[in-house]
Amino acid sequence: MADLWVTNLGVVEYREAYALQERLRAARQEERIPDTLLLLEHFPVYTRGRRTGPGELPMGEDWYRAQGIDVVDVDRGGKVTYHGPGQLVGYPIMRTGDVIDFVRTMERAIVAALADEGVRTRVRTDEGADFTGVWAGERKIASIGIHVARGVSTHGFAVNADNDLQPFEWVVPCGLEGVRMTSVSRETARHPTLPCLRRRVAHRFAETHRLRQRLITPSRLETSIKSHLPLASAGA
């Protein structure tokens, strides 16, 4: 069974994490690292995917920045979403030849992890691309958006754990008018939920992708990125 490296980065500024993903993707393309999953949180930020339409940030960028929320355009699929402290963000830097199957496998992993948390969720794949993600009834609890270049993915998923949901009310989340967001803490009335959810998601993600989870420190990951040797030659 192949390895899945899993690294917990804590709270990371969005642009810093974006740059790290690009470096990791190059390392994965060159076989210097195996499939890797970054787990982290972000400081408040709205990200606009390639399919974002006009009007999804109705207050205007200056207003959002005045609230302390950054706005960043990104190359992932999907539309506008929000990231903030207390939300579990996962960036799988993984080889994939089937983008749709890759996304569906992510959805199944998140559904399984949330079931472990006692939250019953579902997918809405039959309702179109805008409904990608994971839903608790009619409320959305997890969003997914990826980008694949030369067979390796970046970006990934965000699961609402303990985060403030108000910033979602200030935009048109995922381009869906009237959609309401929810979180693990809102569904279960438990606080905090993120540390436990992080472990559950890592386990289910590796299991669903049929990989063996291996916890890797940020410093070990950085060393591997800088290496010029393929993984086998480096003896990892």
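## Overall size and fold

For a chain of 236 residues, a compact globule would be expected to have a radius of gyration near 18 Å, and the value of 17 Å found for this protein agrees with that expectation. The model is a predicted one, and its C-alpha trace spans about 50 × 40 × 35 Å along the principal axes. The secondary structure consists of eight helices and 10 strands.

Of the contacts between residues at least 6 apart in sequence, 78% join residues that are at least 24 apart.

## Interior and surface

Buried residues account for 54% of the 236 residues in the protein. The area that the protein exposes comes to about 10500 Å², and carbon and sulfur atoms supply 51% of this area.

## Charges and salt bridges

The protein carries 32 positive and 30 negative charges, and the mean positions of these two sets lie 4 Å apart. The count of salt bridges comes to 25.

## Glu-31 and its two arginine partners

Glu-31 takes part in a salt bridge with Arg-28, in which the N to O distance between the side chains is 3.0 Å, and Glu-31 also forms a salt bridge with Arg-95, where the closest N and O atoms are likewise 3.0 Å apart. Because Glu-31 lies in the loop between helix H1 (14-29) and strand S2 (36-42), while Arg-95 lies in the loop between strand S6 (87-93) and helix H3 (99-116), this second pair ties together parts that are 64 residues apart in sequence.

The surroundings of these residues can be described by their accessibility. Arg-28 has a relative accessible area of 9% and is therefore buried, the cut-off being under 20%. Glu-31, at 37% relative accessibility, counts as partly exposed, and Arg-95 counts as partly exposed at 33%.

## A link between Glu-117 and Arg-190

Another salt bridge joins Glu-117 to Arg-190, with the closest N and O atoms 3.0 Å apart. This pair links distant parts of the chain, since Glu-117 is in the loop between H3 and strand S7 (134-136) and Arg-190 is in the loop between helix H5 (184-188) and helix H6 (194-208), 73 residues apart. Glu-117 is buried, with a relative accessible area of 5%, whereas Arg-190 is partly exposed, with a relative accessible area of 38%.

## A shared network

Salt bridges that have partners in common also join a group of residues into one network, made up of Glu-13, Arg-15, Arg-48, Glu-61, Arg-65, Asp-70 and Asp-73.

Conventions: Residues numbered from 1 in each chain as written. Predicted model: local features only at pLDDT ≥ 70, side-chain atom pairs only at ≥ 80, totals over all residues. Heavy atoms only, no water. Helix = DSSP H or I, 4+ residues; strand = E, 2+ residues; numbered from the N terminus. Rg over C-alpha atoms; globule rule 2.2 N^0.38 Å. Buried < 20%, exposed > 50% of the residue type's maximum accessible area, 1.4 Å probe, protein only. Contact = heavy atoms within 4.5 Å. Areas by Shrake-Rupley, 256 points an atom, 1.4 Å probe, with all protein chains shown as cover. Lys, Arg positive; Asp, Glu negative; His and termini not counted. Charge placed at Lys NZ, Arg CZ, Asp CG, Glu CD. Salt bridge = Lys/Arg side-chain N within 4 Å of Asp/Glu carboxyl O.
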